[in-house]
Amino acid sequence: MYKVMLFVKRKPGLTHEQFRDRYESGHAPLAVQQLPHLRNFIKPVRGWEDPDFDCVTEFWFDDENGWKETSKSYVNSDVGKILIADEDEFMDRGSMRMLIADERVSEINRG
């Protein structure tokens, strides 16, 4: 399983609730519609006083190739332009951070 985690912060002036509502009711459905390789989506941050981000968006792929195909769609197409324009309305895109995990079963001998 190949996972990409994107840590997203709201734009200044938006409350956590406004961000969450806009993300869950607008952006997430749009992204699911536009990105065929998307397998999982939002995990709102709750329980921290003031985290450096407002949600973790998680993309799951069967392999690295699925991620590469989605990345190409995002950067070089009308799909990407639509999603980026939507993000610009409520996300602080300059503060986004991304982690990639290639999930594998450890080969450590547990014997």
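Contacts between residues far apart in sequence dominate this predicted model: of the contacts in the protein with a separation of 6 or more, 69% are accounted for by residues 24 or more positions apart. The elements run β-α-β-β-α-α-β from the N terminus on, which comes to three helices and four strands. Of the 111 residues, 36% count as buried, and the accessible surface of the protein comes to about 7300 Å², of which 50% belongs to carbon and sulfur atoms.

**Helix H2 and its surroundings**

Helix H2 spans residues 64–75, and its twelve residues reach 17 Å from the first C-alpha to the last, close to the 16 Å expected at 1.5 Å a residue. Its buried residues are Gly66, Trp67 and Thr70. Because these residues cover an arc of only 95 degrees around the axis, they lie on the same side of H2. They pack against three strands, namely E1 (2–8), E3 (55–61) and E4 (97–102), while the face of H2 turned away from the buried side carries the exposed residues Lys72 and Val75. At the N-terminal end of H2, aspartate 63 acts as a cap, with a side-chain oxygen lying 3.1 Å from the backbone nitrogen of asparagine 65.

**Salt bridges**

Side chains of opposite charge can pair when their charged atoms come close. In this protein the count comes to seven salt bridges, including the three listed here.

| Salt bridge | Closest N to O distance |
|---|---|
| Arginine 10 and aspartate 54 | 2.6 Å |
| Arginine 22 and aspartate 86 | 2.3 Å |
| Arginine 93 and aspartate 88 | 4.0 Å |

The salt bridge between arginine 10 and aspartate 54 links distant parts of the chain, since arginine 10 sits in the loop between E1 and helix H1 (16–34), whereas aspartate 54 belongs to the loop between strand E2 (42–44) and E3, 44 residues apart. Both arginine 10 and aspartate 54 are buried, and together with Lys9 they are linked in a network of salt bridges.

The side chains of arginine 22 and aspartate 86 also meet in a salt bridge. Aspartate 86 lies in helix H3 (residues 78–90) and arginine 22 in helix H1, so this pair ties together parts that are 64 residues apart in sequence. Aspartate 86 counts as buried because its relative accessibility is 10%, and the cut-off for buried is under 20%; arginine 22, at 21% relative accessibility, counts as partly exposed.

In the salt bridge between arginine 93 and aspartate 88, arginine 93 has a relative accessibility of 29% and counts as partly exposed, and aspartate 88 is likewise partly exposed, with a relative accessible area of 37%.

**Glutamine 18 in helix H1**

Glutamine 18 lies in helix H1 and counts as partly exposed at 41% relative accessibility. The side chain of glutamine 18 reaches the backbone nitrogen of threonine 15 at 2.8 Å. Glutamine 18 and phenylalanine 90 are 72 residues apart along the chain, and their C-alpha atoms are separated by 9.1 Å.

How values were computed
Residues numbered from 1 in each chain as written. Predicted model: local features only at pLDDT ≥ 70, side-chain atom pairs only at ≥ 80, totals over all residues. Heavy atoms only, no water. Helix = DSSP H or I, 4+ residues; strand = E, 2+ residues; numbered from the N terminus. Expected span 1.5 Å × (residues − 1). Buried < 20%, exposed > 50% of the residue type's maximum accessible area, 1.4 Å probe, protein only. Arc of directions from axis to C-beta. Contact = heavy atoms within 4.5 Å. Polar contact = N/O pair within 3.5 Å; in protein donor to acceptor, adjacent residues only side chain to side chain. Areas by Shrake-Rupley, 256 points an atom, 1.4 Å probe, with all protein chains shown as cover.
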